[in-house]
Amino acid sequence: MKRIISLGLAALILLGTITGVLITAVYADPGDPLDPNGTSKPEEDKGVLTKDGILIEKYYRVYNETNKTTSLVLVLVDTNIKGSGSASEFQEFYLSLLTSNFYPLSNSGNKYEESIATKATVLSGQGESTKDKNLRFQVEIPNVEWDQLGNEVHFRMYYTYNNDEYPYEVRANLSRFVPPDKTDNSDPVEPDPVIPDPATPYILVQNYSYGEGDVSAGSDFALTVNFYNTSANITLENIIMKVEPTTGLSITGASNTYYIPSLANKGAMTKSIPLKCLTSATPGNESVHITFSYEYVANNTRNTKGSEETISIPIAQTERFEVNLTEYPTMLYPGDNANAVISYVNKGRADIYNLTATIAGNIDDPNQIQNLGNIKAGDSGTAKFSIASMESGGMVSAVITISYENEKGDVSTITKEFTCEVYDNSNDFVDPGYDPSLDPGLMPPEEEPGMRWWQWSLFGVGSLSVGGVSGLWMFLKTKMKREEADDEDI
């Protein structure tokens, strides 16, 4: 009896074990298959998502035996755009392959054909509900070669979809994909389509203006900045725009911080910033650094993000280079040399370069050049030219030309003109080899020794005048003495 009871219990235990194994097999999770070592396999990669929101869902290469070329086929998902259930077409599409491990195929010598795609196919059938799906499309890039050193792809893409423009530059590493053999047209990778979180929105400066030409030092101007929201489906909120110019610029009459309540998806806005270029600004480029901080809601979560841009503004110092003609002849004797002198001074705040002075005109040496080099701000100097002419009785007309370059290499010129008369000495010419002593008519008369007659006449008249005056004086004096004596006798 005991043996019968033991056999019954063993049968019940065996039956329970078999039932448990069957139940476990029926209700087991089919996922997480085991590898040969008994460990769980890692989850398969769902695609390669680039930083600007382009998901490379899959790719493969196709080899054409007829024309011996290879094409690169990409299936892409733009996470910035909601797609429709139907396979609508792009209004405009352009894709150009750039340098990477995939590069334009060389068919003849060193000449590379362009690997450019001008159309793509929008894929439909993304599931039962398509309203929350993103745009999915397939593009084929012709004339592609692979260097077999890596799997990085780099291309620039632009298209218009539902009347909105979407430009991208995509760079991604497809290392998990193994390119097939050229003769194999199969698709080696078929990852499940996955729609990731929306791409991070950014604020980018689309364009800006500061007037025409360079900004002059000491002037006021307005910097107009146009910026936009890169996201196609996210509105930005509580935007703080901060403007920080470099030392040569300053903000006038305004704060350097601007508050913007919101900026719609794909929306744009323009701000005008009043600036002044200081007189001490260095010629060249000054910069304005613009920082944006903002908030946005994605997947029911509020996020904070920031972006920044730097704008370059060319600065030019006002040229104050002065040249004066300080010395030049007004009369020349044939064969004589005179000087023409110019003086210059750089009154500006910027250096000038390659200063050169030349002279031209009907002078004996019209090929004189003065290479004066670079002139720093505040420096001065002179340049001298020799003026001579053998044209008796003519007129000399000369022009002195000064040329120099600014910091940008632009060439400026200044001219100074003058004229002078050449003395006509043709009638005064005497042969320097002629001796006038050989011609009695040209010899000066010899002076006679002693006093001439007119000199004796003057001497006699003078003597008589002195003697007469003396005699008259003696007569008057004697007469006065006699009268005094007669008075005493009385």
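Two rings of Phe, Tyr or Trp count as an aromatic pair if their centres lie within 6.5 Å. In this predicted model, a search of the whole structure finds 16 such pairs. The same kind of search finds eight salt bridges. This briefing describes examples of both, and then turns to the largest pocket, a surface patch and two backbone angles.

**Aromatic pairs**

- A pair of aromatic rings is described by two quantities, the distance of the centres and the angle of the planes.
- In the pair of Tyr159 and Tyr168, the ring centres are 6.1 Å apart and the planes stand at 45 degrees, so the pair is tilted. An angle under 30 degrees would count as stacked, and one over 60 degrees as edge-to-face.
- Tyr159 has a relative accessibility of 0% and therefore counts as buried. Tyr168 is likewise buried, because its relative accessible area is 9%. The cut-off for a buried residue is under 20%.
- The rings of Tyr328 and Phe418 also form a tilted pair, because their planes meet at 35 degrees, with the centres 5.5 Å apart.
- Tyr328 and Phe418 come from distant parts of the chain, 90 residues apart. Tyr328 belongs to the loop between strand E23 (321-327) and strand E24 (331-332), whereas Phe418 belongs to strand E30 (residues 411-422).
- The partners differ in exposure: Tyr328 is partly exposed at 40% relative accessibility, while Phe418 is buried at 3%.
- One aromatic cluster is formed by Phe90, Phe93, Phe137, Tyr159, Tyr161, Tyr166 and Tyr168.

**The largest pocket**

- The largest pocket holds about 660 Å³ of space. Its lining consists of 19 residues, and those closest to the centre are Pro167, Tyr168, Leu204, Tyr228 and Thr230.
- Tyr168 thus appears in two descriptions, as a member of the aromatic cluster and as a residue of the pocket lining.
- Which strand supplies the largest share of the lining? Strand E13 does, with five residues.
- Strand E13 (164-173) and strand E14 (203-209) each supply at least two residues of this lining.

**Salt bridges**

- Glu57 and Arg136 meet through their side chains in a salt bridge, with a distance of 2.5 Å from N to O. Glu57 is in strand E2 (residues 54-64) and Arg136 in strand E10 (residues 134-141), so the bridge ties together parts that are 79 residues apart in sequence.
- Are Glu57 and Arg136 buried or exposed? Glu57 counts as buried because its relative accessibility is 1%, and Arg136 counts as buried at 16%.
- Asp220 and Lys276 form another salt bridge, in which the closest N and O atoms are 3.5 Å apart. This pair ties together parts 56 residues apart in sequence, because Asp220 lies in strand E16 (residues 220-229) and Lys276 in strand E20 (residues 268-277).
- Asp220 is exposed, with a relative accessible area of 55%, whereas Lys276 is partly exposed at 27%.
- A salt bridge also joins the side chains of Glu237 and Arg302, at 2.9 Å from N to O. Glu237 is in strand E17 (residues 236-245) and Arg302 in strand E22 (residues 301-316), and these positions are 65 residues apart.
- Glu237 is partly exposed, with a relative accessible area of 27%, and Arg302 is partly exposed, with 45%.
- Glu237 and Arg302 belong, together with Glu295, to a network of salt bridges.

**A nonpolar surface patch**

- Leu472, Phe475 and Leu476 form a nonpolar patch on the surface, and together they have about 310 Å² of accessible area.
- Leu476 is placed in helix H2 (residues 453-489). At 40% relative accessibility, Leu476 counts as partly exposed.

**Backbone angles**

- Most residues other than glycine have a negative phi. Two asparagines are described here for their positive values.
- The phi of Asn163 is near 70 degrees. Asn163 is in the loop between strand E12 (152-161) and strand E13, and it is exposed, with 66% relative accessibility.
- The phi of Asn354 is near 55 degrees. Asn354 lies in strand E26 (residues 352-361) and counts as partly exposed at 42% relative accessibility.

Definitions and conventions
Residues are numbered from 1 along each chain as its sequence is written. This is a predicted model: local features need pLDDT of at least 70, side-chain atom pairs count only at pLDDT 80 or more; totals for chains, interfaces and linings use all residues. Side-chain values use heavy atoms; hydrogens and water are left out. Patches are made of residues with over 30% relative accessible area and no salt bridge: like charges are joined within 9 Å, nonpolar side chains (Val, Leu, Ile, Met, Phe, Trp, Tyr) within 5 Å. Accessible areas come from the Shrake-Rupley method with a 1.4 Å probe; for residues, only the protein chains shown count as cover. A salt bridge is a side-chain nitrogen of Lys or Arg within 4 Å of a carboxyl oxygen of Asp or Glu. Helices (H or I, at least four residues) and strands (E, at least two) are DSSP runs, numbered from the N terminus. Buried means under 20% relative accessible area, exposed over 50%, partly exposed in between (1.4 Å probe, protein chains only). Rings of Phe, Tyr and Trp (its six-membered ring) pair if their centres lie within 6.5 Å; planes under 30 degrees apart count as stacked, over 60 as edge-to-face and the rest as tilted. On a 1 Å grid over the protein atoms alone, a cavity is a set of points where a 1.4 Å probe fits but cannot get out, and a pocket is an open set with protein on both sides within 12 Å along at least five of seven lines; lining residues have an atom within 4 Å of a point. Grid points are joined across faces, edges and corners, and a volume is the space filled by probe spheres set on the points.
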